[in-house]
Structures are given as structure tokens and as C-alpha cells.
2 protein chains.
Amino acid sequence: MGIDSKGRGLLIVLSGPSGAGKGTVCSALRTHAPELVYSVSATTRKPREGEVDGVNYFFKSKKEFEGMIEEGELLEWAQYVNNYYGTPRRFVEEQLDAGRDVLLEIEVQGAKQVKERFPEGIFIFLLPPSLDELASRIRGRGTETEEAVVNRLKAAAKELREVEHYDYAVLNDRVEAACDRVRSILIAEHCRKDRLFQEQPDWLEGM
Amino acid sequence: MGIDSKGRGLLIVLSGPSGAGKGTVCSALRTHAPELVYSVSATTRKPREGEVDGVNYFFKSKKEFEGMIEEGELLEWAQYVNNYYGTPRRFVEEQLDAGRDVLLEIEVQGAKQVKERFPEGIFIFLLPPSLDELASRIRGRGTETEEAVVNRLKAAAKELREVEHYDYAVLNDRVEAACDRVRSILIAEHCRKDRLFQEQPDWLEGM
């Protein structure tokens, strides 16, 4: 029969401090790794014009969302400004079962929850080249006071210590390079010998 | 200071059964991963015209080679038709210290020796898509009797079990795809968080 390179998909969790460039790298990955499926969040906020249920978000009532929390149907969740946001486990599992890799871009706190509930994920921490560069990226947004910038930097420096709990650290010096590193991690993880034996214990049969 | 992506180099050991396509993949890697350094073997056979000492081989006398064996200066060695062949550790270590990744293409038996003497290497096993394909590749060389082909196939089937001792299994269905997988493994291994902390324990300083 030989080896089937299409085993179960992998959940890739891409996290890192604010200002590391998670969003930019994810956008670039949509071009460089079009086979990746992006996790769809659930939320209780109202759909904006043009947003499609199941595509942009799974739109839920507050009662439905709280039911999902109780039933353990979320890989992580948080509340912002009176609305819930979270990652439904079912969508992720369905994609993985279909052999597709799923990317979840998420804040450090959310990633921590995912790690507890889905430890078999591949956890990638995105690193800014330096704190100086991080500062200039946060300042570059131009939307915050100097005090707010300093506070965000302190928070980011603290979040950086969380890299310890991740499998990989990817330097985001240039977006294309960071993208190539994430894509390479994905390919390499699929080639891990342990994974082959785990997912397809009989793949050596017929060899 | 930030993270230095130029830590110590990695030794990549590419092995696999006869007919898996090790040589073809290595040739392709010279184009697709030109930054890789290729391990240079030592041998007691006489240089052929145009062969340069230290480039094609390190040419040694029998006495010199046996001294290297005794001093543990070889990562692996074997004897074929009255000549010794082996992989000098020093050349590999010098390249790794200079931050360069080294590729060692080698038979399964040699890889076993390297694993004992250099367990921190990255061991990649190249897989033919199937035994049928392996048979047609071995036959395709057209240099052997049917009996010899059958014997080589039996040997290859036995060697396939050795994949168990490797870190990665790379399917060689298409040379470009196999090449991309090897290159990805290299990039991913450099991004492993454990490696970063091991090689540059202070890289978070100044973050």
C-alpha cells in the first residue's frame, strides 16, 4: 500500500506578543500556503454587513455560547466588551479528520488554554527581532499615547517568557522568511517518523 | 541582542535503502539548498584524474586511515574491495562550529554507526513510494540480472525496517517534493524552541 502522505491534519497554533506580526504573517500564509484552513471563531457580537455565518464567524446567542462553554465545546474563549469570542473544537476536528491542516492565530493567553485542551497541537511562537523593533512597530501604529505604548511593551516583554511552553520559535525579521519557516515546520511535522507510525501503523505493510 | 538565527550548524544524515533515490535528491539539494555543506569522505583509494584532496575526498594511506579508526576520528567507516571509506568527524565539527549545516548522504549501515557516534544529528530516512516502484527503479538501472534484482529488493525491504531509528521519514515520490521536505526539516529544526535555549541560553536577554 505504501505511505499515505494525507494522514490526519495538524492544528498549528500561531501566537506571540502583540506587535510580533501575527496578523501580517497569517495574511502572507494565505498566499504561500493556500492549502491551510483557518480556524473560524464563534462570537456573540452581531454580524457586520457582509459577514457570513460559518465563514467569518459562527454567530451565537449569549445563551448558546454559554452552553458551548459548559459542554467543553471550545478550545479557548474570552470576553471582550460584553461579547464572547472563542474557538469551537468541532470545526477544527472536522477539518483535521478530513486530512486538512488548520491554522489558529491567537493571543498568548488564548494559546495557553488551547495547549491545555489540545496538547497535540503544534505551538509556534512568533518573535519580534528585538524589543526595540517591537517598540517601533507598536509606535508605528500611531494610535496610542506614549504611556500606552510603554504599557504594551511591558506586557509584550512578559509574554515573551511564554515561549518556553511552545514547540517552535519563529523569528519574524522579514514576513516572507517567517512565512517560509511556518510552512517548513508544517511540512517537517508531517514527516516526523513517530507521526507516521502513530497515524498509519500499517504503512510499512506491502513494503 | 535578540535572537541570532546563525547558531551552531546541524548535521543532517540522509539515508535509506538502495533505490530510494538518495543520490538524486542530494544532487537536487545542491541547487535548492546551496547553503548546505556536503560531508567529505576519507578514502585509501587512489585519486582519479581531476579529483582534489579535501574536495572530492580526503586521500589517506592505509596506515593513516587505520590511525584515524583507532583514534575515533571517524563518524563511520567501511571497507570495500580492499579500500577504506569513512566520514572524518573533524571536517563535520569545523563546519558546524562555523554555523553551517552539513549533509551526509550514506547507506543504512553507515548511518547506524553515525547515530551511535553523533546522536545529536538529524536522521532522515528516504522512502520509495512503494516496493513496486523500488523494484522498477532497481530494474531500470539495467545493470543487473533478475536474481541480483530480487536479492537487492529483499535487502531493501529489510533496510526499510530501520526507519524506526530515524527522526524523519521523507517520501521520495517526486524529487522536487522530497527536496522541499528535507529543506523544510532543516529550517524547522533550527526553529525548535529547545534548540534556541540550548545553543543561546541568553537569547531572551535584551528582549
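**Exercise 1. Where is the place of A:G16 in chain A?**

Let's work through this predicted model together.

*Step 1.* Look for the elements on either side. Strand 1 of chain A covers 11–15, and helix 1 covers 22–32.

*Step 2.* A:G16 belongs to the loop between strand 1 and helix 1.

*Step 3.* Now check the record. The UniProt annotation "binding site", from an unreviewed entry, includes A:G16 among its residues, along with A:K22 and A:G23.

**Exercise 2. Decide for A:G16, A:G23 and A:S27: buried, partly exposed or exposed?**

*Step 1.* Recall the cut-offs: under 20% relative accessible area is buried, over 50% is exposed, and values in between are partly exposed.

*Step 2.* A:G16 has a relative accessible area of 0%, so this residue is buried.

*Step 3.* Move on to A:G23, which sits in helix 1 of chain A. Its relative accessibility is 34%, so A:G23 counts as partly exposed.

*Step 4.* A:S27 also has its place in helix 1 of chain A. With a relative accessible area of 45%, A:S27 is partly exposed.

**Exercise 3. Which residues does A:G16 touch, leaving out those up to four places away in sequence?**

*Step 1.* Set aside the sequence neighbours, up to four places away.

*Step 2.* What remains is A:K22, A:I106, A:V108, A:F125 and A:L126. One of these, A:K22, is also covered by the "binding site" annotation from UniProt.

**Exercise 4. Find how far apart A:S27 and A:F58 are, in sequence and in space.**

*Step 1.* Along the sequence, 31 residues separate the pair A:S27 and A:F58.

*Step 2.* In space, going from C-alpha to C-alpha, A:S27 and A:F58 are 20 Å apart.

**Exercise 5. Describe the interface of chain A and chain B.**

*Step 1.* Begin with the residues: 33 of chain A are in contact with 33 of chain B.

*Step 2.* Next comes area. The size of an interface is often given as the accessible area lost when the parts come together. Here about 2900 Å² is buried between the two chains, with carbon and sulfur atoms giving 69% of that area.

*Step 3.* Count the salt bridges between chain A and chain B: there are two. A:D180 forms a salt bridge with B:R183, where the closest N and O atoms are 2.8 Å apart.

*Step 4.* Ask which elements take part. Strand 9 (168–171), helix 7 (175–191) and helix 8 (193–199) of chain A each supply at least two residues to the side that touches chain B. Helix 7 gives the most, with eight residues.

*Step 5.* Finish with the classes: that side of chain A has 21 nonpolar, four polar and eight charged residues.

Technical notes
Residues are numbered from 1 along each chain as its sequence is written. Chains are lettered from A and ligands numbered from 1 in the order in which they are written. This is a predicted model: local features need pLDDT of at least 70, side-chain atom pairs count only at pLDDT 80 or more; totals for chains, interfaces and linings use all residues. Side-chain values use heavy atoms; hydrogens and water are left out. Contact means heavy atoms within 4.5 Å. Buried area is the accessible area (1.4 Å probe) that two parts lose on being put together, summed over both. A salt bridge is a side-chain nitrogen of Lys or Arg within 4 Å of a carboxyl oxygen of Asp or Glu. Helices (H or I, at least four residues) and strands (E, at least two) are DSSP runs, numbered from the N terminus. Ala, Val, Leu, Ile, Met, Phe, Trp, Tyr, Cys and Pro count as nonpolar, Asp, Glu, Lys and Arg as charged, and the others, Gly among them, as polar. UniProt positions are given in the numbering used here, feature names are shortened, and annotations may be inferred rather than shown by experiment. Buried means under 20% relative accessible area, exposed over 50%, partly exposed in between (1.4 Å probe, protein chains only).
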